[in-house]
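Subject: Structure handover

Hello,

Here is the structure for you to load. My notes on what turned up follow below it.

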Amino acid sequence: MNRAAVTSLVVFVLLVALGWYLTEVQSRKENPPSTPVPTGSAPAGSSDLGALQIAPESKMTGYSRDRFPHWASQGNSCDTREIVLQRQGTDVKQDKDCKAVSGTWNSAYDGVVIKDAGEVDIDHTVPLAEAWRSGADKWTDDDRKAFANDLGGIQLVAVTAKSNRSKGDQDPAKWKPPVESYWCTYAQHWIAVKITYKLTVDQAEHDALAVMLKAC
């Protein structure tokens with residue numbers, strides 16, 4: 001093989017190698033290798049606990065559920081309750097007045113499956129009275145109405161009447177969902193609601209949330 005042929009062959013091999021290299025680099029940029037998450041590492045958002053302002057709870061002076069107008073009209077004959085039932089249930093059927101007439105709901109607090117909409121309560125993750133003690137006493141009634149009808153997905157939860165009434169207006173220092181596998185989600189949602197609405201937590205509540213986040 002003459003020198004010209006050898007040179008051409010070398011150039012060809014180099015071009016092929018360069019092409020492969022550039023293709024591999026581009027592929028790695030577009031599909032970077034995933035980094036394994038260590039078992040037991042903190043979930044995204046759990047550090048938000050540190051963003052909460054710790055303060056003693058206010059008094060209940062002046063509180064009334066009427067100060068938080070809830071189950072407001074959402075149009076098409078639907079109110080907030082019916083929207084939550086529709087979104088959080090399975091195979092939900094509604095009548096012409098938007099009332100749920102059939103469906104299935106899984107109560108995350110106690111793991112009970114409900115098949116009668118009349119047995120479903122819509123719980124406020126952060127209860128109305130708890131919000132009042134944490135800063136909502138200084139809001140306008142319109143602000144409280146928005147809080148009580150928040151359809152963002154984490155403040156209103158379809159659960160059994162039994163679990164909702166057991167919880168009442170208690171914070172996590174006094175009440176936690178019976179299903180411990182839900183503690184992580186519950187704590188994260190509680191924290192997110194309080195941050196969103198700039199509500200405070202007391203020290204016992206803060207410490208209880210920290211314990212619940214360990215379940216994540």
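Alanine 51 sits in the loop that runs between helix H1 (3-30) and E1. This is a predicted model, so please read everything here in that light. Is alanine 51 buried or exposed? Its relative accessibility is 57%. The cut-off for exposed is over 50%, so alanine 51 counts as exposed. Lysine 194 is 143 residues away along the chain from alanine 51, yet their C-alpha atoms are separated by 9.8 Å.

Next, the sheet. Three strands make it up, in the order E3-E4-E5. The sheet is open and the pairing is antiparallel. Why does one side of E3 and of strand E5 (112-114) lack a neighbour in the sheet? Both strands stand at the edges and each has a single partner strand, so one side of each is left free of a neighbour there. From one strand to the next, the twist averages 20°.

A closer look at one pair of strands. E4 and E5 are joined in the antiparallel sense over three bridges. Asparagine 106 stands opposite valine 113, a residue of E5. H2 packs on this sheet and touches E3 and E4. The direction of H2 makes about 145° with that of E3.

Now helix H2 itself, residues 80-88. Which of its residues are buried? They are Thr80, Arg81, Glu82, Ile83, Val84 and Leu85. Several strands help to cover these buried residues. Among them are strand E1 (73-75), strand E2 (78-79) and strand E3 (90-94). The cover also includes strand E4 (100-107), strand E6 (120-124) and strand E7 (156-160). At the start of H2 there is a contact to check in your viewer. There, a side-chain oxygen of aspartate 79 comes to within 3.2 Å of the backbone nitrogen of arginine 81.

Last, the pockets. The largest pocket has a volume of about 200 Å³. Its lining consists of 13 residues. Those nearest the centre of the pocket are Arg65, Asp123, His124, Asn164 and Gly168. Which elements give two or more residues to this lining? They are E6, helix H3 (128-133) and helix H5 (161-167). E6 provides the largest share of the lining, with four residues. E6 therefore appears twice in these notes: it helps to cover the buried residues of H2, and it lines the largest pocket.

Best wishes

Definitions and conventions: Residues are numbered from 1 along each chain as its sequence is written. This is a predicted model: local features need pLDDT of at least 70, side-chain atom pairs count only at pLDDT 80 or more; totals for chains, interfaces and linings use all residues. Side-chain values use heavy atoms; hydrogens and water are left out. Buried means under 20% relative accessible area, exposed over 50%, partly exposed in between (1.4 Å probe, protein chains only). Contact means heavy atoms within 4.5 Å. A polar contact is a pair of N or O atoms within 3.5 Å; within protein, one must be able to donate a hydrogen and the other to accept it, and residues adjacent in sequence count only if both atoms are side-chain atoms. Two strands pair if DSSP finds at least two bridges between them. Axes are lines fitted to C-alpha atoms, for helices over the stretch in contact, and angles run from 0 to 180 degrees between N-to-C directions. On a 1 Å grid over the protein atoms alone, a cavity is a set of points where a 1.4 Å probe fits but cannot get out, and a pocket is an open set with protein on both sides within 12 Å along at least five of seven lines; lining residues have an atom within 4 Å of a point. Grid points are joined across faces, edges and corners, and a volume is the space filled by probe spheres set on the points.
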